[in-house]
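The following exercises are to be worked with the sequence and the structure at hand. Each task is followed by a solution in steps.

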Amino acid sequence: MEAKARVDETAAGIKANISNFGADQYDVSDPAQAAAQEKFFSWFYLSINLGSAVAYGYLTTMGSNGGLGVPQKFGYFAVYAISALCMLSAVFLFASQKSKYKMSKPQERSSLGAVNAFVMASIKAGSKSAAVFATGIVLLSKAVILSVAQAVMPEASFAPLLTVLAFVFSGVGMLSVVLTCLNPSWVVEVPEETLSAGEVRGFLRLLPILFTANLAFSSLYNSMQFWYQQQACQMDLRMPWSVDGAQFAGSFFMIADCLSIVLATPFAIDYLNPYLERITGNRFGHGAKFGLGMSFGLLSVLVAAHFEMVRKQMPVLDMVSNCAANGVHMTAFSSAWMTVPFFLMGLGEIYTQPVLMQFAYRESPPSMRTLTAATGLVVGAVSTALFTAQVAALSKYVPNDLNEGHLEYGDRKSVV
């Protein structure tokens, strides 16, 4: 199943640094630039999804079917070559303007190393909270590893045990981190460190918000990543202009999510947000924006659930779906309808992801900003691990052929 990965190999190296680097270019002592910096994170998120729109709008189809003179057997080679060329071009453009950037001196001390040193020093000083925090981090790491192992070996006899352990480790780990960081006064001073205990406390104090907010939206977003595409693969995927019965891939509909962000972001920044700020007396802040984003995400899931109930009432076609499990047939319900929940989820992203990035940048100590941004991506990995375990746990209720189950509420009908 193809999906737009929120955390991949490039995310830690690019997203955690380039967003902060861009925000650093503004002079926040100027009110106009301070306001522009807040909008920057939305424009940054738009640019990411503009590239994703191209990828899902055409490159996924080109990879599987060929096109633009590229034979089908060379489709994936051409897609990777185009992607590599675009990346090289972006690096060249970035480097060519280096003289115009506001640069900061590299820190003498790794922020991650400093946090580890302060936590270990606190443990040695007898802090139980520090020990619980460290245990939580270890459990979260193990949860990610276990979920990956379960995904790689889903048929193994011990796979159910891996699923249970991943859930338990994730739950206990998150509680350990969140509860101990609500008041990180347990962090002791370490005289030989160049960074201060206050900076470490400032970073830890953000973790409860980053964990809970990211996990809250991820619970909705991951449904789109997996189950929306599975739904689409059992709808009528035929391309209306195709004469040979070619079908869309399930991941094609991710373009609606990307286009939602690309098209709606300018409207939100220039019109909707200023309007909501006026009518709320300038109280349309981070919390209100995130709540609006969650509402869009919830609406998206409800619409998708409704479409699934409607789809199951439609006749089954005699054509096999190219992206569903082997032998599963499409139903007479147009897959174009799935653009609606994908689009709504994109609106939810506009008011959650850039908002969290801007909040983390503003509230984090400058020395911890990159680590804070990277932590948000790690939380995304934890949420994906949790969802992987959830998919495994619900596999007997959500079979490969959705006509034999009830994806919309996770129950399975009896098959005689």
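**Exercise 1. A helix and its two sides**

How many residues does helix 3 have, and what distance does it reach from its first C-alpha to its last? State also which of its residues are buried and which are exposed.

Solution. The model is a predicted one.
Step 1. Helix 3 runs over residues 75-96 and has 22 residues. From its first C-alpha to its last it reaches 32 Å, close to the 32 Å expected at 1.5 Å a residue.
Step 2. Gly-75, Ala-78 and Val-79 are buried in helix 3. These residues cover an arc of only 100° around the axis, which puts them on the same side of helix 3.
Step 3. On the other side of helix 3, the exposed residues are Phe-77, Tyr-80, Leu-88 and Phe-92.

**Exercise 2. The nonpolar cores**

Which residues have the most contacts inside the largest nonpolar core, and which elements give two or more residues to this core?

Solution.
Step 1. The largest nonpolar core has 40 residues. Those with the most contacts inside this core are Met-224, Tyr-228, Phe-253, Met-338, Phe-342, Met-345 and Ile-350.
Step 2. Two or more residues of this core come from each of helix 2 (31-65), helix 7 (197-232), helix 8 (254-279), helix 9 (286-311) and helix 10 (339-350). The largest share, eight residues, is that of helix 8.
Step 3. A second, separate core has 31 residues, among them Ala-197, Val-200, Phe-203 and Leu-204.
Step 4. A general tendency may be recalled here: in soluble globular proteins, nonpolar side chains tend to be buried together.

**Exercise 3. Helix 10 and its partner**

How many of the residues of helix 10 are buried, and at what angle do helix 9 and helix 10 pack?

Solution.
Step 1. Helix 10 has 12 residues and reaches 17 Å from its first C-alpha to its last, close to the 16 Å expected at 1.5 Å a residue.
Step 2. Nine of these 12 residues are buried, so helix 10 is largely enclosed by the rest of the structure. The buried residues are Pro-341, Phe-342, Leu-344, Met-345, Gly-346, Leu-347, Gly-348, Glu-349 and Ile-350.
Step 3. The axes of helix 9 and helix 10 are 7 Å apart, and the two helices pack at an angle of about 170°. Helix 9 is therefore roughly antiparallel to helix 10.
Step 4. Among the residues that meet are Gly-293, Phe-296 and Gly-297 in helix 9, and Val-340, Pro-341 and Met-345 in helix 10.
Step 5. Beyond residues up to four places away in sequence, Met-345 touches Phe-217, Leu-220, Tyr-221, Met-224, Tyr-228, Asp-257, Gly-297, Ser-300 and Val-301.

**Exercise 4. Helix 7 against helix 11**

How do the axes of helix 7 and helix 11 cross, and which residues meet?

Solution.
Step 1. The axes of helix 7 and helix 11 (residues 353-363) come within 11 Å and cross at roughly 175°. This makes helix 7 roughly antiparallel to helix 11.
Step 2. Helix 7 contributes Leu-206, Ile-209, Leu-210, Ala-213, Asn-214 and Phe-217, which meet Gln-353, Leu-356, Phe-359, Ala-360 and Glu-363 in helix 11.

**Exercise 5. Residues in loops**

Are Gln-234 and Asn-282 buried or exposed? Which residues does Cys-323 touch?

Solution.
Step 1. Gln-234 lies in the loop between helix 7 and helix 8. Its relative accessible area is 1%; buried means under 20%, so Gln-234 is buried.
Step 2. Not counting residues up to four places away in sequence, the contacts of Gln-234 include Arg-311, Ala-324, His-329 and Asn-400.
Step 3. Asn-282 lies in the loop between helix 8 and helix 9. With a relative accessible area of 66%, Asn-282 is exposed.
Step 4. The phi of Asn-282 is near 60°, a positive value in a residue other than glycine. Most residues other than glycine have a negative phi.
Step 5. Cys-323 is found in the loop between strand 1 (316-320) and strand 2 (329-331), and is partly exposed, with a relative accessible area of 25%.
Step 6. Not counting residues up to four places away in sequence, Cys-323 touches Cys-233, Leu-237, Phe-248, Ala-249 and Gly-250. The C-alpha atoms of Cys-323 and Ala-249 are separated by 6.1 Å, although the two residues are 74 residues apart along the chain.

Definitions and conventions
Residues numbered from 1 in each chain as written. Predicted model: local features only at pLDDT ≥ 70, side-chain atom pairs only at ≥ 80, totals over all residues. Heavy atoms only, no water. Helix = DSSP H or I, 4+ residues; strand = E, 2+ residues; numbered from the N terminus. Expected span 1.5 Å × (residues − 1). Buried < 20%, exposed > 50% of the residue type's maximum accessible area, 1.4 Å probe, protein only. Arc of directions from axis to C-beta. Core = buried A, V, L, I, M, F, W, Y, C linked by side-chain atoms within 4.5 Å. Contact = heavy atoms within 4.5 Å. Axes fitted to C-alpha atoms, helices over the stretch in contact; angles between N-to-C directions. Parallel < 35°, antiparallel > 145°, perpendicular 65-115°, else oblique.
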